[in-house]
Amino acid sequence: MFARRDALRLAAGALVGPLLVGPGYADALKAGGPTRIASLDYGLASTLLSLGLTPVAIAARDDWDKWVVEPPLPAGIADLGASWEINFEVLTSLKPDLILTTPYNAALTPRLEAVAPTLSLGVYTADGGDVLPKAVAATRGLAEGVGRVAEGEALIARTEAFFDACRARLARVAPPPLALINFLDARHARIYTAPGLYHNVLERIGLTNAWAKPGNFWGFETIGIERLAEIGDERARLIAFEPVPADVLPKLALSPLWQALPLARPGHFSVLPGSLMFGMLNDAVRFARILTDHLEQTA
């Protein structure tokens, strides 16, 4: 079963820094740019779609609608299996002229390069730094790598304009600080913080993260739900994102610990549709839209 740890593996894309390319890549680019592209990463695949290119295959295709949602995945894209256990028989049969991968899957690089030229980009790396600027830089890197520079700049411009619009809308409703989580079970959650994508987008659209403590380089910390009591601002709201394990909300309804938390009070807790928390610009836009719409409606 696809788990949250797998989402980490599938969303490693978007590194700022040198592009890591395999043999034959320059020839493919000179020939007019690659067109049969396989992606081992959700963020890279999503960005590729926004550049006007449909991948011939992606890893974990069947879970796209659970974790990514937007843009919708066109029909006919092959499933390569889990990103760290690629079905090389399927990959080879598709005859790709480029494979998009990440440093997270570096162990597969020699085998991938035996199939086709590779382009490796990545974001969530131990060198730290805010994710959103890296995602912008990585979009440019990918756009250059597939010969779609103008489309890449247009995607970045649309994203920035959308963030500006969200910021203006939210300024009119003066929203409270927000704590953002994904439930792991009824006692534990992943809470999002600096330097991650969710945190960066909050700041970009004029919101405040109620959880001020820094997290790991993925931009989260795993906590027991009792630690939500550490958020002292009485105005703060708690937002959990789907998917929520089926047993969590029923168990919380019976939990004295949960009921005692200020953030569990009526009007202070909401569950919203998810967006890929370890993604790139499309995921940042979806997250900003979901959040802005919700805060306007509940102001």
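How many cavities of 30 Å³ or more does the structure hold? Just 1. Here are my notes, bearing in mind that this is a predicted model.

1. Overall make-up. The protein chain has 12 helices and 11 strands. Of its 299 residues, 54% are buried. If you look at contacts with a separation of 6 or more, 68% of them are between residues 24 or more positions apart.

2. The surface. About 12300 Å² of the protein chain is exposed, and carbon and sulfur atoms supply 56% of that area.

3. The cavity. The largest cavity has a volume of about 40 Å³. Its lining draws on residues from several parts of the numbering: K66 and W67, then N182 and Y198, then F241, E242 and P243, and finally G274, S275 and M277. By type, that lining splits into 5 nonpolar, 3 polar and 2 charged residues. If you want to find the spot in the viewer, try selecting the lining residues, W67 and F241 among them.

4. H199, where it sits. This histidine is found in helix 9, which covers residues 197-204. H199 has a relative accessible area of 12%, and because the cut-off for buried is under 20%, H199 counts as buried.

5. H199, what it meets. Leaving aside residues up to four places away in sequence, H199 touches T193, A194 and N209. With N209 there is also a polar contact, side chain to side chain, at 3.0 Å. So which residue should you display alongside H199 to see that polar contact? N209.

Definitions and conventions:
Residues numbered from 1 in each chain as written. Predicted model: local features only at pLDDT ≥ 70, side-chain atom pairs only at ≥ 80, totals over all residues. Heavy atoms only, no water. 1 Å grid on protein atoms, 1.4 Å probe; cavity = no way out; pocket = protein on both sides within 12 Å on 5 of 7 lines; lining within 4 Å. Points joined across faces, edges and corners; volume = space filled by probe spheres on them. Nonpolar A, V, L, I, M, F, W, Y, C, P; charged D, E, K, R; others polar. Helix = DSSP H or I, 4+ residues; strand = E, 2+ residues; numbered from the N terminus. Buried < 20%, exposed > 50% of the residue type's maximum accessible area, 1.4 Å probe, protein only. Contact = heavy atoms within 4.5 Å. Areas by Shrake-Rupley, 256 points an atom, 1.4 Å probe, with all protein chains shown as cover. Polar contact = N/O pair within 3.5 Å; in protein donor to acceptor, adjacent residues only side chain to side chain.
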